[in-house]
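Reader: I'd like to go through this one with you, a few quick questions at a time. Shall we put it up and start?

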Amino acid sequence: DVSLAELTARADGRVLVRSPQPAELARLLAAPGVTVTQTGPEQLAVVGRTSAEIARAALAAGVLLTELTPVHASLEDAYLAMTHADVEFPGRVAA
């Protein structure tokens, strides 16, 4: 029982971050359970940290952020992610 925004955020959970210091920011955010992927010259996709946690860590280290965008899945994607294991009649591949 959660809000629609929280439901769709949980299904994706990525935060897009842009900084002129992406390598330093990636090292700063690295931790068990956190995945940081460089998706562009100054852009990272972060899974496992909220946008607030990223902003606080960057501020404390003096790293400039030029974008901080939580990515939300569509309602359909969120529903499919929640129910992917609850298939009553799974298909089978013919031999």
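Reader: Is R18 buried, partly exposed or exposed?
Author: This is a predicted model, so take the value as computed from it. The relative accessibility of R18 comes out at 30%. Buried would need under 20% and exposed over 50%, so R18 counts as partly exposed.

Reader: And which residue forms a salt bridge with R18?
Author: The structure holds 1 salt bridge, and R18 is part of it. The closest N and O atoms of the pair are 3.1 Å apart, and the cut-off is 4 Å. The partner is E67.

Reader: How many residues apart in sequence are the parts that this pair ties together?
Author: R18 sits in strand β1 and E67 in strand β4. The salt bridge therefore ties together parts separated in sequence by 49 residues.

Reader: What is the relative accessible area of E67?
Author: E67 falls between the buried limit of 20% and the exposed limit of 50%, so it is partly exposed. Its relative accessible area is 24%.

Reader: Over how many bridges do β1 and β4 pair?
Author: β1 covers residues 14–18 and pairs with β4 in the antiparallel sense. One of the bridges joins R18 to E67, and those two also form the salt bridge. The count for β1 and β4 is 4 bridges.

Reader: Which are the edge strands of the sheet?
Author: The sheet is open, with 4 strands in antiparallel pairing, and the order is β2-β3-β1-β4. An edge strand pairs on one side only. That gives β2 (35–40) and β4 (67–70).

Reader: By how many degrees are neighbouring strands turned against each other on average?
Author: Take the neighbours in the order β2-β3-β1-β4 and ignore direction. The average turn is then 20 degrees.

Reader: How many residues lie between β2 and β3 in their hairpin?
Author: These two strands pair in the antiparallel sense over 5 bridges. In one of them, T37 has A45 of β3 as its bridge partner. Between the two strands of the hairpin there are 2 residues.

Reader: What angle does the direction of α3 make with that of β4?
Author: Both α2 and α3 pack on the sheet. α2 touches β1, β2 and β3, and its direction makes about 10 degrees with that of β3. α3 touches β1, β3 and β4, and its direction makes an angle with that of β4 of about 160 degrees.

Reader: At what angle do α2 and α3 pack?
Author: α2 runs over residues 22–29 and α3 over residues 51–61, with axes 10 Å apart. α2 passes α3 in a right-handed crossing. The packing angle is about 115 degrees.

Reader: How many residues of the contact of α2 with α3 are nonpolar?
Author: On the α2 side the contact is made by E24, L25, L28 and L29, and on the α3 side by I54, A57, A58 and A61. The tally has no polar residue and 1 charged. The nonpolar ones number 7.

Reader: Leaving aside its neighbours within four places in sequence, which residues is E24 in contact with?
Author: E24 is found in helix α2 and, at 34% relative accessibility, counts as partly exposed. Its C-alpha atom is 9.5 Å from that of A58, 34 residues away along the chain. With the neighbours within four places left aside, its contacts are A61 and V63.

How values were computed: Residues numbered from 1 in each chain as written. Predicted model: local features only at pLDDT ≥ 70, side-chain atom pairs only at ≥ 80, totals over all residues. Heavy atoms only, no water. Axes fitted to C-alpha atoms, helices over the stretch in contact; angles between N-to-C directions. Left-handed = near helix turned anticlockwise from the far one by under 90°. Contact = heavy atoms within 4.5 Å. Nonpolar A, V, L, I, M, F, W, Y, C, P; charged D, E, K, R; others polar. Pairing = 2+ DSSP bridges. Salt bridge = Lys/Arg side-chain N within 4 Å of Asp/Glu carboxyl O. Buried < 20%, exposed > 50% of the residue type's maximum accessible area, 1.4 Å probe, protein only.
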